[in-house]
Amino acid sequence: MPEQSPTPKKRRRGRLFRFSAAFVVLLAVAGYLVVQYVTGGRGGPGCKVVSGKDDGQEYEFSQEQAMNAATIAAVGTGRGMPERAVTIALATALQESQLVNIQHGDLDSLGLFQQRPSQGWGTRKQILDPTYAAGVFYEHLAKVNDYQKLPLTVAAQRVQRSGYPEAYAKHEPDAALLSAALTGQAAATLTCQGLPDTTVTATGPDAVRAALVRDFGRTVLKETGAEVTGGGSASKDKTKAKSTPAPSASATGGSSTVTLPVRSGSTRTGWQLAHWAVANSSALHIERVSYAGREWAAGSADDPWHSTGTKAAGGVRIVTERQAEK
């Protein structure tokens with residue numbers, strides 16, 4: 001007996017079902033793309049910053065976002081900019097790119113701050129360098145009269161000239177948390193899972209030293225007396241401050257310990273360096289960071305900054321994988 005043709009009602013119902021299923025799939029794909037855009041394709045949050053005031057405020061973000069935020073903060077303090085300037089810069093980057101160094105945007109906008117080569121911000125290559133992008137943002141911000149006294153959204157808009165000038169304000173709470181941690185104002189408040197980035201080939205003490213200079217400038221080596229060593233070899237920086245305690249380093253097994261001495265009374269500098277190291281832990285394959293009697297270890301999300309039981313003196317200790325010999 002031949003099969004009966006579906007009725008018009010059943011055909012409509014079938015089309016509606018197929019349309020609904022396709023719509024759900026499109027929503028899922030769109031959601032995935034949004035997550036990849038926001039996190040830079042590096043998976044879930046991975047990092048968290050909390051308030052140093054025990055008020056319950058916190059912000060979760062990805063390892064890539066953490067590294068870019070640390071660069072923005074380091075460039076600011078390296079230029080002598082105040083914490084307020086760093087907060088403004090971080091809020092701006094959160095709005096413009098979600099702290100992801102994207103290679104696209106409106107018209108020819110690029111990078112963390114969506115700066116435009118056609119508007120004199122620099123070449124495409126320069127703008128896609130987070131250190132350069134942050135530096136040129138601060139250059140423009142420094143020219144804004146009384147920017148520290150202005151509402152954040154006003155100060156940011158005078159630099160950016162955005163079509164949505166009020167949008168920066170909503171990021172101020174998260175930017176303030178990041179700024180407090182990444183300028184060293186708040187101690188032991190930034191943590192990351194520290195899962196190694198397998199695409200990175202440059203690791204070990206030399207990579208740490210290069211990254212410090214990249215973000216802070218050579219001034220950081222003068223201030224900390226940084227001597228970065230690994231694999232049994234030592235490399236001293238000739239600009240070491242005379243009043244700074246001598247740094248030390250050791251290599252055991254597959255790891256090297258880099259110690260960055262911090263001058264007495266410079267606790268804020270110490271915590272900035274410690275948080276910077278945690279933020280860069282994935283890219284630099286950093287295993288542990290300790291300072292002022294507290295220690296962070298990669299993969300210890302449940303107990304991120306624990307007491308070492310000793311009142312450690314002087315410096316920030318960074319334990320990192322040594323680059324394998326070729």
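Leu107 is exposed, with a relative accessible area of 64%. This residue sits in the loop between H3 and H4 and has a positive phi of about 55° although it is not a glycine. The model in which it appears is predicted. The protein chain comprises 326 residues, of which 45% count as buried, and it has 11 helices and 9 strands. The points below cover the overall architecture, backbone geometry, helix packing, the second largest pocket and the aromatic pairs.

**Overall architecture**

- The secondary structure of the protein chain consists of 11 helices together with 9 strands.
- Considering contacts between residues at least 6 apart in sequence, 61% join residues at least 24 apart.

**Backbone geometry**

- Most residues other than glycine have a negative phi, and most peptide bonds are trans.
- Against that background, Leu107 has a positive phi of about 55°.
- Gln98, which is likewise not a glycine, has a positive phi near 55°.
- Gln98 is found in the loop between H3 and helix H4 (124-127), and Leu107 is placed in the loop between H3 and H4 as well.
- Gln98 is partly exposed, because its relative accessible area is 23% and the partly exposed class lies between 20% and 50%.
- Leu107 counts as exposed, because its relative accessible area of 64% is over 50%.
- Arg161, just after H6, also takes a positive phi, of about 55°.

**Helix H6 and its surroundings**

- H6 is mostly covered, with 7 of its 9 residues buried.
- The buried residues of H6 are Leu152, Thr153, Ala155, Ala156, Gln157, Val159 and Gln160.
- These buried residues pack against H3, helix H5 (130-142) and helix H7 (172-182).
- One residue of H7 is Glu172, whose contacts beyond its neighbours within four places in sequence are with Arg84, Thr87 and Leu152.
- Leu152 is itself among the buried residues of H6.
- Glu172 is partly exposed, with a relative accessible area of 27%.
- Glu172 and Leu94 are separated by 78 residues in sequence, yet their C-alpha atoms are 9.3 Å apart in space.

**Gly135 in helix H5**

- Gly135 belongs to helix H5.
- Gly135 counts as buried because its relative accessibility is 3%, which is under 20%.
- Setting aside neighbours within four places in sequence, Gly135 is in contact with Val75 and Arg79.
- The C-alpha atoms of Gly135 and Gly76 are 7.3 Å apart, while the two residues are 59 apart in sequence.

**Packing of H2 against H8**

- Two packed helices are described by the angle between their axes and the distance between the axes.
- For helix H2 (residues 63-78) and helix H8 (residues 205-216), the axes come within 7 Å and cross at roughly 65°.
- On the H2 side, the contact is made by Thr71, Ala74, Val75, Thr77 and Gly78; on the H8 side, it is made by Arg214, Asp215 and Phe216.
- Sorted by class, the contact of H2 with H8 has 3 nonpolar, 3 polar and 2 charged residues.
- Val75 takes part in this contact and is also in contact with Gly135.

**The second largest pocket**

- Rolling a probe the size of a water molecule over the atoms shows where empty space is left.
- The second largest pocket holds about 460 Å³ of space.
- Its lining is made up of 18 residues, and those closest to its centre are Glu96, Ser109, Gln114, Gln160 and Ser162.
- Helix H3 (83-97) and helix H6 (152-160) are the elements that give two or more residues to the lining.
- By class, the lining has 6 nonpolar, 8 polar and 4 charged residues.
- Gln160, listed among the residues closest to the centre of this pocket, is one of the buried residues of H6.

**Aromatic pairs**

- The structure holds 6 aromatic pairs.
- The pair of Tyr59 and Phe61 is stacked, because the ring centres are 5.2 Å apart and the planes lie at 5°.
- Tyr59 and Phe61 are both buried.
- Phe113, Phe137 and Tyr138 are linked into a cluster by ring pairs.

Terms used:
Residues are numbered from 1 along each chain as its sequence is written. This is a predicted model: local features need pLDDT of at least 70, side-chain atom pairs count only at pLDDT 80 or more; totals for chains, interfaces and linings use all residues. Side-chain values use heavy atoms; hydrogens and water are left out. Axes are lines fitted to C-alpha atoms, for helices over the stretch in contact, and angles run from 0 to 180 degrees between N-to-C directions. Helices (H or I, at least four residues) and strands (E, at least two) are DSSP runs, numbered from the N terminus. Contact means heavy atoms within 4.5 Å. Ala, Val, Leu, Ile, Met, Phe, Trp, Tyr, Cys and Pro count as nonpolar, Asp, Glu, Lys and Arg as charged, and the others, Gly among them, as polar. On a 1 Å grid over the protein atoms alone, a cavity is a set of points where a 1.4 Å probe fits but cannot get out, and a pocket is an open set with protein on both sides within 12 Å along at least five of seven lines; lining residues have an atom within 4 Å of a point. Grid points are joined across faces, edges and corners, and a volume is the space filled by probe spheres set on the points. Rings of Phe, Tyr and Trp (its six-membered ring) pair if their centres lie within 6.5 Å; planes under 30 degrees apart count as stacked, over 60 as edge-to-face and the rest as tilted. Buried means under 20% relative accessible area, exposed over 50%, partly exposed in between (1.4 Å probe, protein chains only).
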